[in-house]
Amino acid sequence: MSVIRFALLGLGAGAVYALAAQGIVLVYRGSGVLNFAHGAVGMVGAYFFYHQRESGTSTTLALLLALGFGFALGAGFHLLVMRPMRRAPAISRLIATLGLLTVLLAVGQRRWGDTPDIVAKLLPVDGVELFADTVVGKDRLIILGIVTALTVVLMLVYRYTRFGLATTAVAENRRATSAQGISPDVVASVNWGLGTALAVLAAVLIVNITGLQVVSLTLLVVPALAAALVGSFRSFPLTLAGGLLIGILESEVAYLQVRIGPSETLQGLSASIPFLVIILVLVVRGRALPLRGEAAEQPPEIGTGRVRPDLLVPALAVVLGLTWLSFSDSMIDALTITAATAVVTLSLVVLTGYGGQLSLAQFALAGMGGWMAARLVANFDVPHELALLAGVIGAVPIGIVVGLPALRTRGVNLAVVTLGLALVLERMVLRNSERTGGSPGPRWGRRASSGSTSTRSPTPSATPPSRWASSSCWPWRSPTSGGAGPAGGWSRSAPTSGPPPPWGSASSGPSSTRSACRPRSRGRGRAPRLPPADGGVHPHVRDLRVHLRRALRGDRRHRVPSRTARRRVARSLGSGAPHRR
């Protein structure tokens, strides 16, 4: 009975997915554009509704205002952005919706943050016993009833009314419809408004199940796209069935996680259900989703790609000079991130500029390469240069697997597939604490000779570094606090279970103890230098001071240590912050 109960619980979320998908179908039928900002529009409308409700506005008035806001935003976006782009390439119109998604998401995160807001429930959550030992919340049943009724209404309106027939005519042939005195722009504007209003309603309803949070509401577009794809972006009943199916499958995966328990394999698996549905539908159906446009549509143009050295060389000289002379460490970090982002976006030049395809998983693929490189460094002490190359090579097969559906179904389908893939990689790998170590960082390590797995942690007092062969080789203790850490000074003592200093073991004492407790070599085969037995200055710090003194005296043989050297010293001391010059 638990399987049936979880399936019934999944009907609530599945109905919301179907409602959001109906809005995507309306926008596509009216204008031939897939609105990737569908979830972002619903997110803004949901925050508007619940904040108005919390401020004292009646629920009915707040809901009407939120739906009106969604309608105005959708219709205005079509008139101000999409209508002037009606002769632009179809992929350019898709990118325009991604721009709206980026703007609304940035506004939402800046205005409301990333933490969920606690708001009063809109619908009652009391349980209703449908069968023996099968209790389902009232809100799930109410949402299912609302969505089913709206689906029936949409089906009747678009089949028997004049507006519905005009929308179908516009979807078939815009020029012929214009010759009959029907404005395609008016039809498209109304459908955009109705579609985004349904997005707001879906976001308002799902808050009763999942809570009010910016990113989760924005990502509502992914299961909605999967449900709309089941209905071929045309059929309202099939779209409803697709949404309910996705909701049930996600709920059953949650039940499986409850039965099995915590598992790194199952963590984030429910987020992959829409992606699997998308892949299955595209591969089995084998047809590309057509993007409609004007007959005189302008083809995409490729730039010359010519580099102007007269502008590039001075700009690089200015940036490098400022970086070396005046930029702070935080500014240098910002420039590093900017350069890395530019390298990732270069892939879009090849894929979108030359191939005419749109991928939304480029940063997810880059994250997978970084994760592989980080794991090689943390687990196997691979040098950073080789780990970087291995991460690049390891991300290539993932990109090939993603591109396989594009060989059979091209066009906008690749954008839909890669959007779902990006979400799957993020939930199952990049945000999986069992695979990445969570916010502290990687927690994996080599297996020691004693049979236990040593780990790395940015805090030396938490766990021993992976270069230590055994927990019995920790002869350093803090004489002031009795615990680990360089703040109280390290002293020689008998082997204990406390953690070692971050730079290794003692250099004094019996030779047997030193040889047993000497850390394993890393990287190029050199063991780290050991601190003095009397708790004096660390060798790295002493060398740094010597270099600084000789450099200040004008000795050209000793340069001022670079920021990399100072950061290495800071990391070896466990301070976590680089020393300033």
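Is the crossing of α14 and α15 right-handed or left-handed? Keep that question open while you load the chain. The model is predicted.

**Whole chain**

Start with everything selected. The chain has 581 residues, and 42% of them are buried. Colour by secondary structure: 21 helices and four strands appear. Switch to a surface next. About 29,600 Å² is exposed, with 63% of that supplied by carbon and sulfur atoms. A contact map is worth a look too. Among contacts with a separation of 6 or more, 67% join residues 24 or more positions apart.

**Stop 1: α2 and α4**

Select residues 38–54 for helix α2 and residues 90–112 for helix α4. Their axes come within 8 Å and cross at roughly 30°. The cut-off for roughly parallel is an angle under 35 degrees, so α2 counts as roughly parallel to α4. The crossing of α2 past α4 is left-handed.

Now show side chains. On the α2 side, pick A40, V41, M43, V44, Y47 and H51. On the α4 side, pick L100, L101, L104, L105, G108 and W112. Colour this contact by residue class: ten are nonpolar, two are polar and none is charged.

**Stop 2: α10 and the loop after it**

Move to residues 221–230, which form α10. How many of the ten residues of α10 are buried? The count is nine, so α10 is largely enclosed by the rest of the structure. Select the buried ones: V221, V222, P223, A224, L225, A226, A227, A228 and L229.

Step on into the loop between α10 and α11, where S232 lies. α11 itself spans 236–260. Check the backbone at S232: phi is near 60°, a positive value in a residue other than glycine. Go on to F233, in the loop between α10 and α11. F233 is not a glycine, yet its phi is positive, about 55°.

Compare the cover over these two residues. Is F233 buried or exposed? F233 is buried, with a relative accessible area of 1%. S232 has 30% relative accessibility and therefore counts as partly exposed. The limit for buried is under 20%.

**Stop 3: Q257**

Stay with α11 and select Q257, which sits in that helix. Q257 has a relative accessible area of 25%, so it is partly exposed. Add S270 to the selection and draw a distance between the C-alpha atoms. Q257 and S270 are 13 residues apart along the chain, and their C-alpha atoms are separated by 9.6 Å.

**Stop 4: α14 and α15**

Back to the opening question. Select residues 329–354 for helix α14 and residues 362–380 for helix α15. Their axes are 10 Å apart, and the packing angle is about 130°. That angle makes α14 oblique to α15. The crossing of α14 and α15 is right-handed.

Bring up the side chains at this contact. From α14, take T341, V344, T345, S347, L348 and L351. From α15, take Q362, F363 and A366. Colour by class once more: the contact of α14 with α15 has five nonpolar residues, four polar and no charged.

**Before you close the viewer**

Put the two helix pairs on screen together. α2 and α4 give the left-handed crossing; α14 and α15 give the right-handed one. The contact of α2 with α4 holds no charged residue, and the contact of α14 with α15 holds none either.

Methods
Residues are numbered from 1 along each chain as its sequence is written. This is a predicted model: local features need pLDDT of at least 70, side-chain atom pairs count only at pLDDT 80 or more; totals for chains, interfaces and linings use all residues. Side-chain values use heavy atoms; hydrogens and water are left out. Axes are lines fitted to C-alpha atoms, for helices over the stretch in contact, and angles run from 0 to 180 degrees between N-to-C directions. Angles under 35 degrees count as roughly parallel, over 145 as roughly antiparallel, 65 to 115 as roughly perpendicular and the rest as oblique. A crossing is left-handed if the near helix is turned anticlockwise from the far one by less than a right angle, and right-handed if clockwise. Contact means heavy atoms within 4.5 Å. Ala, Val, Leu, Ile, Met, Phe, Trp, Tyr, Cys and Pro count as nonpolar, Asp, Glu, Lys and Arg as charged, and the others, Gly among them, as polar. Buried means under 20% relative accessible area, exposed over 50%, partly exposed in between (1.4 Å probe, protein chains only). Accessible areas come from the Shrake-Rupley method with a 1.4 Å probe; for residues, only the protein chains shown count as cover.
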